[in-house]
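Work through the exercises below with the sequence and the 3D structure open. Try each task before reading its solution.

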Amino acid sequence: MSGKPHDAAALGYLLAFGSAATGALRYNVAVYANIEYGFEYIPFLAWALVVGLVASSAHVVAKNGAGALKLVRGKGHHALLYGILMGWSTLAHFLALRTLNETTMTSLGQSGILISLLFAAILLGERLTRPELWATAVIIAGMFLFKPWDPGNREGFLILMSGLVCGSLASVKAKQWVKGTPAQVLMVWRNLIAMCLVFAFNIGGPTPEFSTPTVIAVIACGLLGPYLHGLFFLQALSYVSASRASLMGRVQPVIVFLASWAFLSRLPDRNDLI
């Protein structure tokens, strides 16, 4: 019996790592589609969210059968707020890609861990350990390497920060919400609201031209990001604290760097590596 808590924690960390890995790879897929086929980020995200919504809805139906719709409607209060916060967070990350490259954006995105730690301490009463405080200090110091106050970085940085605040608040509160709302139901609401936001934002924008490679890229991104990335994180919250699940996100830049080098032949610069 004594080993069970450790087994549960290990599963929680594994799920959090899976969330970080799938979240990292979605950016590389989007950048690849943009570089190779000229697929703009916002319409790409919109169609990826359609895939994510279909996948998360199918998950709910598979687990709950005929009661799926009632379950989704009945959990609307918390799930709606989660969807709004994560919807903007998702859109903000892809808007930031317009002015920040994927490695820089992912590195700056690690400041979201700091925000999550603060929200976890304030809202959930989770205490910060000494290693977590040191990690927070390193993250703050690392942010200054990117000179977010420079005109070329400012817009993307501010958009990204607004998304990180919303995403961090939603992630921390989700620790409470997943106790009464299944993770896959939260994902349905997240993807539905994010999809509506992104399609509305893209009204009058570029119309993508689909081909076999871009359809495959959209499906891959939709399964990696809007579906698995969020689902793994919410499931991790059932086993570990919100702050520890968020700290696992520190591996995300490493995966982005490796994937960018392997598939896009793009190397991180010195600031990214530091």
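The exercises cover confidence, two residues of one helix, and the nonpolar core of this predicted model.

**Exercise 1.** Find which helix of the protein chain has the lowest confidence and which has the highest.

Solution. Start with the chain as a whole: its mean pLDDT is 78, and 75% of the residues score at least 70. Then go to the helices. Confidence is lowest in helix H13 (residues 270-273), with a mean of 50. The highest value, 91, belongs to helix H10 (residues 212-236).

**Exercise 2.** Decide whether Thr 22 is buried or exposed, and list its contacts beyond four places in sequence.

Solution. Locate Thr 22 in helix H1 (residues 4-37). Its relative accessibility is 9%; buried means under 20%, so Thr 22 is buried. Beyond four places in sequence, Thr 22 contacts Leu 224, Leu 228, His 229 and Phe 232. For His 229, check the polar atoms: its backbone nitrogen is 3.4 Å from a polar side-chain atom of Thr 22.

**Exercise 3.** Do the same for Ala 9: state its exposure and its contacts.

Solution. Ala 9 also sits in helix H1. A relative accessible area of 22% falls between the limits of 20% and 50%, so Ala 9 is partly exposed. Outside its neighbours within four places, Ala 9 touches Tyr 239 and Val 240. The C-alpha atoms of Ala 9 and Ala 236 are 8.8 Å apart, although 227 residues separate them along the chain.

**Exercise 4.** Identify the helix that gives the most residues to the largest nonpolar core.

Solution. This core has 69 residues, and Tyr 82 and Leu 234 are among those touching the most other members. Helix H2 (residues 41-64) contributes the most, with 11 residues. Tyr 82 has contacts that include Leu 234, Trp 177 and Arg 190.

Definitions and conventions: Residues are numbered from 1 along each chain as its sequence is written. This is a predicted model: local features need pLDDT of at least 70, side-chain atom pairs count only at pLDDT 80 or more; totals for chains, interfaces and linings use all residues. Side-chain values use heavy atoms; hydrogens and water are left out. A nonpolar core is a set of buried Ala, Val, Leu, Ile, Met, Phe, Trp, Tyr and Cys residues joined through side-chain atoms within 4.5 Å. Buried means under 20% relative accessible area, exposed over 50%, partly exposed in between (1.4 Å probe, protein chains only). Helices (H or I, at least four residues) and strands (E, at least two) are DSSP runs, numbered from the N terminus. Contact means heavy atoms within 4.5 Å. A polar contact is a pair of N or O atoms within 3.5 Å; within protein, one must be able to donate a hydrogen and the other to accept it, and residues adjacent in sequence count only if both atoms are side-chain atoms. pLDDT is the predictor's confidence in each residue, from 0 to 100.
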